[in-house]
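User: I'm new to reading protein structures and would like a close look at one part of this one. Could you take me through the sheet with mixed pairing and what packs around it?

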Amino acid sequence: MNAIQIDDLTKYYGKTRGIEHIDLTVPQGDFFGFIGPNGAGKSTTIRTLLGLIRQNEGRAQIFGMDTIKDREKILARVGYLPSEVSFYPGMRVRELLKLSASLRRRDCRKISGLLCERLQLDTTRKVEELSFGNRRKTAIICALQHEPDLLILDEPTSGLDPLMQREFFEILKERNKEGTTIFLSSHILSEIQHNCTQAAMIRNGTIIARGSMAELSGTGAKRINVRGSVDLGALIGVRDLHSTPENVDFLYTGDMNDLLQTLSAGDIQDITVTEPDLDEVFLHYYGQGSGRI
Amino acid sequence: MTIVKHELRHGKTTFLIWTATIAFLLMICIFLFPEIQGDMDAMGELFGSMGSFTAAFGMDRLNFGTLIGFYAVECGNILGLGGAFFASLAGVSMLSKEEKDKTAEFLLTHPVSRTRVAGEKLAALLIQIAAMNLIILAFSLLSIGMIGEDVPWKEIILLHGAYFLLQLELAGVCFGISAFLRRGSAGVGIGLGAMMYFLNLIANMTDHAKFLKYITPFGYCEGADILAEGRLHTGYIAVGIMYACIGIAAAYWRYTKKEIH
């Protein structure tokens, strides 16, 4: 049985497009990446899965159950981490975690205690006094404490410092090993590349590519920005080159050793290597979103 | 019961402030009664000679010299307006505040049906209103005892009962409205409460506007009528209960298919 099965799902907000004819299958036990730029339809897809909004066409199933008819049964087995976290003001973290557990008619004190320790969250604080990162940690524990079979995470790492991000993905990997299916939505390519086994790319409301991380590895491009002068010469794998006498900027997909050798011959004051924007990746690998793997 | 408990805890401060304010004002009014009682003859004449203004507040038919006559106007206005505002405000924000504060996503991604959310929230609303009325009634009776007057049980119960029904009706209607709102809603609640109050004043001034009593719940809360007839107007109340039921049904109908953005 698939953890998530989406067939021909379409959602419009009035006349505005949300998603169009999305097909997606996430097998049970997968660590699945759902990647796309902001506004592509990631959250719309997730909100439809959770029954917060209703699709215009098509249908979605989680563990073989219909997302509209069996909403409560599904939600009992799902943990959800929203991209924007808001809690009831005036409550302490401890009370909020308890509220979440009792809405599920569960006693999750043991696991939530362990998670709070690992993520270093003080449960006596009031939720409105929490920093953005701590609020997110609270939301993470709400999503994890009842040990769901499926975790749906919408941009989970924004606001978390790198150490906490590592701890968070460590927890996710442990859960995944224990059999939890993880559906990770993100616009950060490296996050998906480093953690997921399968992924799908969404753009302008449609899925434009899907497959294993290996199949999608063609997206391992880097945006290279060099201050100084360098002659790229015959370097293979350079795209989108913008060059001025003091600055060279390009997207690179070739061999790293070749790049370093070429750069070492130049006169360089500074260099930055960054993940390209998703839009760039889509632009260069999938044309205007028409291609498919 | 989780949501009921949560709502009661969450709304505790607002509830206490409103209840304390209304009870406090009522008590002040009652304590003033022995003071003014002596001057009542002059006051009664004054209040009786203000034309339609007198009629609007039912003062042409009430005897200010008796505790219950005084209570029906003064305390009636305090409890009527205060209770109406509290019930409207609490009702109109009950469902919509989740979306306004962006907590709807948290609540509705737990395994609870929309019907259960609406039901438990409605229960919390009714519990708050019932508790408020009981507390206020208790303080009112206590104060009447403290100024050494006999408690006019039947009239007091009828008056307070009428205001309780009024609050339930407004709460039910506003609960319905709440399901259709997404943003701040306090204005709608206050506006509706105030409008109903003024509709009744208009209805009191002229017989041509008597039909308004079928619209506003203040129609069956008219102290002068209740004291004169010794019972509540069942026709107005039946219509009022119908409005409340329509409101609650609309809330369920809308909330179960509402899109949460």
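Here is a walk through that sheet, followed by a helix pair and the other strands.

Analyst: Sure! Keep in mind that this is a predicted model, so treat everything below as a description of that model.

Let's start with the sheet itself. It's an open sheet of six strands in chain A, and if you step across it the order is S6-S7-S8-S3-S9-S10, with mixed pairing. Which strands stand at the edges? They are S6 (78-81) and S10 (206-212) of chain A; each has a single partner strand, so one side of each is left without a neighbour in the sheet. As you go from one strand to the next, the twist averages 15°.

Now zoom in on the S10 edge. Strand S9 (residues 198-203) of chain A pairs with S10(A) in the antiparallel sense, over six bridges. If you'd like one pair to find on screen, look for A:Met201, whose bridge partner in S10(A) is A:Ala209.

Next, the helices on the sheet. Helix H1 (residues 42-49) of chain A packs on it, touching S3 (31-35), S6, S7 (150-154), S8 (181-186) and S9 of chain A. The direction of H1 makes about 145° with that of S7(A). Helix H6 (residues 162-177) of chain A lies across S3, S6, S7 and S8 of chain A, and runs at about 130° to S3(A).

There's also a helix pair to look at. H3 (residues 93-103) and H5 (residues 132-144) of chain A pack at an angle of about 25°, with their axes 9 Å apart. Because angles under 35 degrees count as roughly parallel, H3(A) is roughly parallel to H5(A). Their crossing is right-handed. On the H3(A) side you'll find A:Val93, A:Leu96, A:Leu97 and A:Ser100, and these meet A:Thr138, A:Ile141 and A:Cys142 in H5(A). Five of the residues in this contact are nonpolar, two are polar and none is charged.

Finally, zoom out. Chain A is divided into domain 1 (2-217) and domain 2 (222-275), and the C-alpha centres of the two lie 37 Å apart. For some strand pairing further along the chain, try S11 (residues 222-229) of chain A. Six bridges join S11(A) to S13 (residues 247-252) of chain A, running antiparallel, and seven bridges join S11(A) to S14 (residues 267-274) of chain A, also antiparallel. A:Asn225 is a handy marker here: it stands opposite A:Asp249 in S13(A) and opposite A:Thr272 in S14(A).

Notes:
Residues numbered from 1 in each chain as written. Chains lettered and ligands numbered in written order. Predicted model: local features only at pLDDT ≥ 70, side-chain atom pairs only at ≥ 80, totals over all residues. Heavy atoms only, no water. Axes fitted to C-alpha atoms, helices over the stretch in contact; angles between N-to-C directions. Helix = DSSP H or I, 4+ residues; strand = E, 2+ residues; numbered from the N terminus. Parallel < 35°, antiparallel > 145°, perpendicular 65-115°, else oblique. Left-handed = near helix turned anticlockwise from the far one by under 90°. Contact = heavy atoms within 4.5 Å. Nonpolar A, V, L, I, M, F, W, Y, C, P; charged D, E, K, R; others polar. Domains from an automatic or database assignment. Pairing = 2+ DSSP bridges.
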